[in-house]
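Q: Got a minute to go through this model with me? I'd like to start with what we mean by buried.

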Amino acid sequence: MDEKKLLSGNEAVARGAYEAGCRFATSYPGTPSTEILETVLREYSGINAQWATNEKVALEVGYGACLAGARTLVTMKQVGLNVAADPFFTISYTGVNGGLVIVSADEPGVHSSQNEQDNRNYAKFAKIPMLEPSDSQEALEFTKYGFALSEEFDTPVLLRLTTRICHGHSVVYPGKMQDPTLKEYKKDWRKRAMVPANALARHPEVEKRLCNLKQASESSPLNDITWKSSDVGIITSGVAYFHALEAFPQYSILKLGFSYPLPEAKIKDFTSKVKQVYLIEENDPFLEEQVRALCPSVEIHGKDLLPVVGELTPETIRVAFKGKTGIKKGLAQDALRRLPVFCPGCPHRGSFYLTKKYARVITGDIGCYGLAALPPLECMDTIICMGASVGMAEGFSKVRPLEKVLGVIGDSTFYHSGVTGLLDIYFNSATSKLVILDNSTTAMTGHQPNPGSPVNSRGEPRGINLEALVGSIGINVKSLDPLSLKDSARELEQIMNSQSGAVVIFKSPCILLPEVAKNKKSPFRIDQAACVNCKACLKLLCPALEAAEKPLIREFMCAGCGLCAQVCPKSAISGVKAQ
C-alpha cells in the first residue's frame with residue numbers, strides 16, 4: 001500500500017478508477033464533478049481520457065469502450081444525467097462487457113446548477129445499482145467496488161457523489177493498480193440491439209438481475225451497522241452519515257453505502273431492535289419512502305422534521321429532531337452576501353451591452369454569461385437548460401414574429417446541445433436571431449477544451465471553424481468583436497432588423513485564459529476634471545470601476561479592455577500609457 005494522501009472525493013474517484021484497471025474515461029465538465037476527469041488527464045496517463053461534447057455523447061462513447069472490453073468511467077454533474085438519460089435507461093437492458101461506472105455528482109443546495117434534483121431516483125427508475133460513498137477513502141474504494149459489481153452482475157453502476165464529498169478532502173490510503181485487461185468482445189445482437197422484440201425479452205432479465213442485486217446488497221460490507229443506544233436507530237447514506245454521527249454519536253446507525261437496491265432484510269432487522277427510527281438524508285425522502293413501505297409499524301421520523309431543500313449540517317439535524325441547541329451562528333452565516341459579476345475585462349460585458357440595446361427579449365443559456373440575468377443587468381429573460389436558448393428564441397419568434405427576440409449561448413454550450421436547435425431554425429424557416437459568445441473555451445468550469453478550442457484534451461491541434469459550421473447549415477452568420485462597440489453595434493442593428501434567421505458570433509477569448517492573462521493590457525484611468533459624473537461607465541458593472549464621488553478605476557484590477565472609454569460621452573477615460 002502506498003503512503004497515505006489527502007485527496008478530494010473527485011481525486012479519490014480518479015484514483016479508484018486507476019487502481020481498478022480502468023482503461024477509458026470521458027466526461028462533460030460540470031461542477032461539482034469536473035475535477036474527476038481533470039485528475040485522470042493530469043495523473044493517470046495509462047487511462048485513455050477525453051472531454052465529450054455533452055453528457056449523452058460521453059455516455060455513448062464510454063459505453064462503446066465498455067462493450068469493446070475496457071473498464072470505463074463516465075462522469076457528469078447531476079443535470080448532466082438528464083442529458084444522458086436516453087442511453088442510460090437502455091444500457092440497463094443491454095448490460096456491459098468491461099465494467100462501467102457512471103458518476104453523478106449531485107448538488108444539494110444548488111451552488112452552480114439550475115435545479116436541485118436528487119439523482120438517487122434515477123437509479124431506481126432505470127433499475128441500476130447505486131453506491132454512495134461518505135468520504136474520499138470510500139470514494140476510492142466504492143469506485144473499485146463499482147467496477148467489480150458491474151462485471152459480476154452485467155450492469156452499469158451509478159456512483160452518486162454530492163458537493164461536500166466531491167470537494168471535501170480526507171485521508172486516503174491508495175492501493176495498487178490492477179492489470180487493465182481488455183475483455184474479449186463477442187457479438188450478441190439479441191442482447192445489444194434493442195429493437196422491440198429484443199427489449200421485451202431483456203426486461204425480465206433486468207428484473208431478475210435486480211433480485212440478485214438485492215441479495216448482494218444484504219451481504220455487502222458497504223451497508224454497515226454500528227450498534228449503540230437502542231433508543232433511536234438512524235438510517236442514512238452519503239455525507240449525511242457524518243452529519244448524523246456528529247449530531248447523535250450516542251445512537252445506533254445503519255449506514256447504506258450500497259443504497260439501491262436496499263438491503264430489505266437488514267433494514268427490517270435493524271428497525272426491529274430500536275425504539276424509533278430517524279431517516280437522515282439530503283433532499284428527497286428516497287430512503288424514507290422505501291423504509292416506511294418496508295416497516296409500516298415502526299415509528300419513523302425524517303422529512304416530517306428535516307427540510308427537503310438544501311444541504312444538511314449537524315446543527316440542522318440537531319435542531320430538527322431536538323429543537324434549539326443554543327449554538328451561535330458561524331462567521332459564514334453572518335457574512336454579507338454579494339451577487340457575482342463578470343470578471344474585469346470579460347468580453348461578455350460588451351456583448352450584453354449591445355444585445356440589451358437591440359433585443360427586447362433574450363432567451364439565455366447555461367454558462368458564466370448567465371450572470372447577465374442577475375440585477376442590475378437583468379438582460380436575460382430565461383435560463384432553463386443547456387441549449388434551450390436556441391429553441392426558445394425560435395418558438396418565441398414563431399408566435400411573435402415582430403418582437404425583437406435574441407437567443408444567447410456560449411460556444412461550449414452551443415456544441416453541447418445548441419447546434420440541434422440551430423438546425424431546427426433553418427429546417428422550419430424561422431427568423432430567429434442567435435448570438436454565440438465564443439471565448440474559445442469552457443470558461444465556467446475551468447477552461448476545459450471544447451470542439452471549437454485550438455487543441456483537444458491531449459493537446460493535439462484541433463478547433464472547428466464555427467463560422468463555417470453555422471454557414472454550412474445555410475444560415476447567415478457574422479463574426480463581431482464585443483470589445484469594439486461602435487462597429488459591432490452597427491452590424492447588430494442591421495441583423496436584428498432583417499427578416500431572416502441569423503447568427504452573430506461575438507468572438508473574443510476569455511480574459512482568464514493563460515495566453516490572454518500573460519499579455520494583460522495597460523489599465524485605463526478617468527480624468528476627474530473632464531468627467532461630468534454621468535455614470536455611463538458604471539452601467540458596464542465592471543468590478544474595476546468604483547462609484548465614488550465621481551467614478552474611479554481601480555487600476556490594479558483593470559484589464560485594459562477599454563469598454564468604459566468607449567461608452568464615456570466626454571472622452572474622459574483613456575489608457576494610462578496614452579496619457
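A: Sure. Buried means under 20% relative accessible area, and exposed means over 50%. Keep in mind that this is a predicted model.

Q: OK, so is Thr 155 buried or exposed?
A: Thr 155 counts as buried, because its relative accessibility is 0%.

Q: Where does Thr 155 lie?
A: Thr 155 lies in the loop between α7 (136-153) and β7 (157-162).

Q: And which residues is Thr 155 in contact with, leaving aside neighbours within four places in sequence?
A: Val 96, Leu 100, Pro 129, Leu 149, Ser 150 and Arg 209.

Q: How far is Thr 155 from Pro 29, C-alpha to C-alpha?
A: Those two are separated by 24 Å, and they sit 126 residues apart along the chain.

Q: Let's zoom out. How many helices and strands are there in the chain?
A: The secondary structure comes to 22 helices and 23 strands.

Q: What about the radius of gyration of the chain?
A: The chain has 27 Å, which agrees with a compact globule, because one with 579 residues would be near 25 Å. The C-alpha trace spans about 80 × 65 × 50 Å along its principal axes.

Q: How much of the chain counts as buried?
A: Of the 579 residues, 53% do. The accessible surface comes to about 25500 Å², and carbon and sulfur atoms make up 55% of that.

Q: What share of the contacts with a separation of 6 or more comes from residues 24 or more positions apart?
A: They account for 75% of those contacts.

Q: And the charges, how many positive and negative side chains?
A: There are 64 positive and 61 negative ones, with the centres of the two sets 3 Å apart.

Q: Switching to α18. Where does that helix bend?
A: Helix α18, residues 411-427, bends by about 70 degrees at Ser 417.

Q: Which residues in α18 are buried?
A: Among them are Asp 411, Phe 414, Tyr 415, Gly 418, Leu 422 and Ile 425.

Q: What does Ser 429 do just after α18?
A: Ser 429 takes a positive phi of about 55 degrees there. Most residues other than glycine have a negative phi. Ser 429 is found in the loop between α18 and β17 (433-438).

Q: Is Ser 429 buried or exposed?
A: Ser 429 is exposed, because its relative accessible area is 62%.

Q: Which residues, leaving aside neighbours within four places, are in contact with Lys 398?
A: Asn 428, Ser 429 and Ala 430. Lys 398 has its place in helix α17 (residues 388-399), and at 46% relative accessibility it counts as partly exposed.

Q: What's phi for Asn 283?
A: Near 65 degrees, so positive in a residue other than glycine. Asn 283 is found in the loop between β13 (276-280) and α13 (286-294), and at 1% relative accessibility Asn 283 counts as buried.

Q: Which residues does a cis peptide bond join?
A: One such bond joins Thr 31 and Pro 32, with omega about 15 degrees. Pro 32 lies in the loop between β2 (24-27) and α2 (34-43). The bond from Tyr 260 to Pro 261 is cis too, with omega near -5 degrees.

Q: Last one: where is Ser 488 found?
A: Ser 488 is in helix α20 (residues 485-497). It's buried, with a relative accessible area of 2%, and its contacts beyond four places in sequence include Leu 354 and Phe 506.

Note on methods: Residues are numbered from 1 along each chain as its sequence is written. Side-chain values use heavy atoms; hydrogens and water are left out. Helices (H or I, at least four residues) and strands (E, at least two) are DSSP runs, numbered from the N terminus. Buried means under 20% relative accessible area, exposed over 50%, partly exposed in between (1.4 Å probe, protein chains only). Contact means heavy atoms within 4.5 Å. The bend at a residue is the angle between axes fitted to the seven residues ending there and the seven starting there. The radius of gyration is taken over C-alpha atoms; the globule rule is 2.2 Å times the number of residues to the power 0.38. Accessible areas come from the Shrake-Rupley method with a 1.4 Å probe; for residues, only the protein chains shown count as cover. Lys and Arg count as positive and Asp and Glu as negative; His and the chain ends are not counted. The place of a charge is taken as NZ of Lys, CZ of Arg, CG of Asp or CD of Glu.
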